[in-house]
Amino acid sequence: MALRNILIHPDPRLKKVADPVVSVDDDLRRLADDMLETMYDAPGIGLAAPQVAVMTRMLVMDCEKDEGAAPRPMVLLNPSVVWTSEERSVYDEGCLSIPEQYAEVERPAEVEVQWMSLDGKTMREKFDGLWATCVQHEIDHLDGKLFIDYLKPLKRQMITRKMQKLKREMARS
Ligand code: K1U
Ligand code: ZN
């Protein structure tokens, strides 16, 4: 397993629609392991393949953050939202590609998602709470969408400028 480099916004790869997974091979299984290791190391509760510069429809997540609870690492291939609740919830979202910036985003409170597992099975599950927020945030990454795209243009521009400055500083050191 290896840590992968996480792309920082703005980056054109974070704005692209990722390609569907057509088959599961050793490279894809290695990518899933690396993404989980990278997510736990960050630390984060989710990560989508485009964030590590791989334009494939794969995401990993583990929102089980209760002290003492067993980890629940999940790997979702070609995920799609098949149902959303009328009820909506607001969460102060962050993003590993937009470090140290948080903003409230409103999304459906519950979603049902279908995906393919690493062993090729079709899976379907309802998510609520932080799991629902996270899976929608990660599926957005697969469609080239960031949480800041839900914000007013001025706030989005302010965050983007901060990230441009951060990237210039990172390039110098
Ligand atoms: O996709 C990403 O960039 C990961 C992101 C996922 C996410 C966070 C909050 C709402 C929706 C989606 C993160 O994991 S940011 C880091 C974070 O939220 C966190 C880190 C450590 C402990 C708990 C949360
Ligand atoms: Zn993100």
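Trainee: Which protein atoms are the donors of the zinc ion, ligand 2?
Mentor: In this predicted model, the zinc ion (ligand 2) has as its protein donors the SG atom of Cys95 and the NE2 atoms of His137 and His141, which lie 2.1 to 2.3 Å from the ion.

Trainee: And how are those donor residues spaced in sequence?
Mentor: The spacing follows the pattern C-x41-H-x3-H. Cys95 and His137 are 42 residues apart and link distant parts of the chain, with Cys95 placed in the loop between β4 (88–93) and β5 (103–108) and His137 placed in helix α2 (residues 129–142).

Trainee: Are Cys95 and His137 buried or exposed?
Mentor: Both of them, Cys95 as well as His137, are buried.

Trainee: Switching to ligand 1, how many residues surround it, and which are the closest?
Mentor: The surroundings of ligand 1 comprise 15 residues, and the closest are Ile45, Gly46, Gln51, Leu96 and Glu138.

Trainee: What polar atoms lie by the oxygen atoms of ligand 1 at Ile45, Gln51 and Leu96?
Mentor: For Ile45 the polar atom belongs to the backbone, and the distance to an oxygen atom of ligand 1 is 2.7 Å. Leu96 also contributes a polar backbone atom, with an oxygen atom of ligand 1 at 2.7 Å, whereas Gln51 uses a polar side-chain atom, which is 2.9 Å from an oxygen atom of the ligand.

Trainee: How much of ligand 1 does the protein bury?
Mentor: Ligand 1 exposes 540 Å² when taken alone, and the protein buries 82% of that area. As for its location, ligand 1 sits in the largest pocket.

Trainee: Which elements give two or more residues to the shell around ligand 1?
Mentor: Those elements are β4 and α2, and α2 provides the largest share of the shell, namely five residues. Helix α2 is also where the zinc donor His137 is found.

Trainee: New topic: where is Ala53, and why does it count as partly exposed?
Mentor: Ala53 is in the loop between β1 (46–48) and β2 (58–61). It counts as partly exposed because its relative accessible area is 35%, and that class covers values between 20% and 50%.

Trainee: How far is Ala53 from Val82 in sequence and in space?
Mentor: The two residues are 29 residues apart in sequence, and their C-alpha atoms are 27 Å apart in space.

Trainee: Last one, why does Asp11 count as buried?
Mentor: Asp11, in the segment before α1 (26–41), counts as buried because its relative accessibility is 11%, and buried means under 20%. The Asp11 side chain also reaches the backbone nitrogen of Arg13, at 2.9 Å.

How values were computed
Residues are numbered from 1 along each chain as its sequence is written. Chains are lettered from A and ligands numbered from 1 in the order in which they are written. This is a predicted model: local features need pLDDT of at least 70, side-chain atom pairs count only at pLDDT 80 or more; totals for chains, interfaces and linings use all residues. Side-chain values use heavy atoms; hydrogens and water are left out. Donors are N, O and S atoms within 2.8 Å of the metal (3.2 Å for Na, K and Ca); water is not among the atoms, so sites may look incomplete. Helices (H or I, at least four residues) and strands (E, at least two) are DSSP runs, numbered from the N terminus. Buried means under 20% relative accessible area, exposed over 50%, partly exposed in between (1.4 Å probe, protein chains only). A residue is near a molecule or strand if one of its heavy atoms lies within 4 Å of it. A polar contact is a pair of N or O atoms within 3.5 Å; within protein, one must be able to donate a hydrogen and the other to accept it, and residues adjacent in sequence count only if both atoms are side-chain atoms. Accessible areas come from the Shrake-Rupley method with a 1.4 Å probe; for residues, only the protein chains shown count as cover. On a 1 Å grid over the protein atoms alone, a cavity is a set of points where a 1.4 Å probe fits but cannot get out, and a pocket is an open set with protein on both sides within 12 Å along at least five of seven lines; lining residues have an atom within 4 Å of a point. A molecule sits in a cavity or pocket if more than half of its atoms lie within 2 Å of its grid points.
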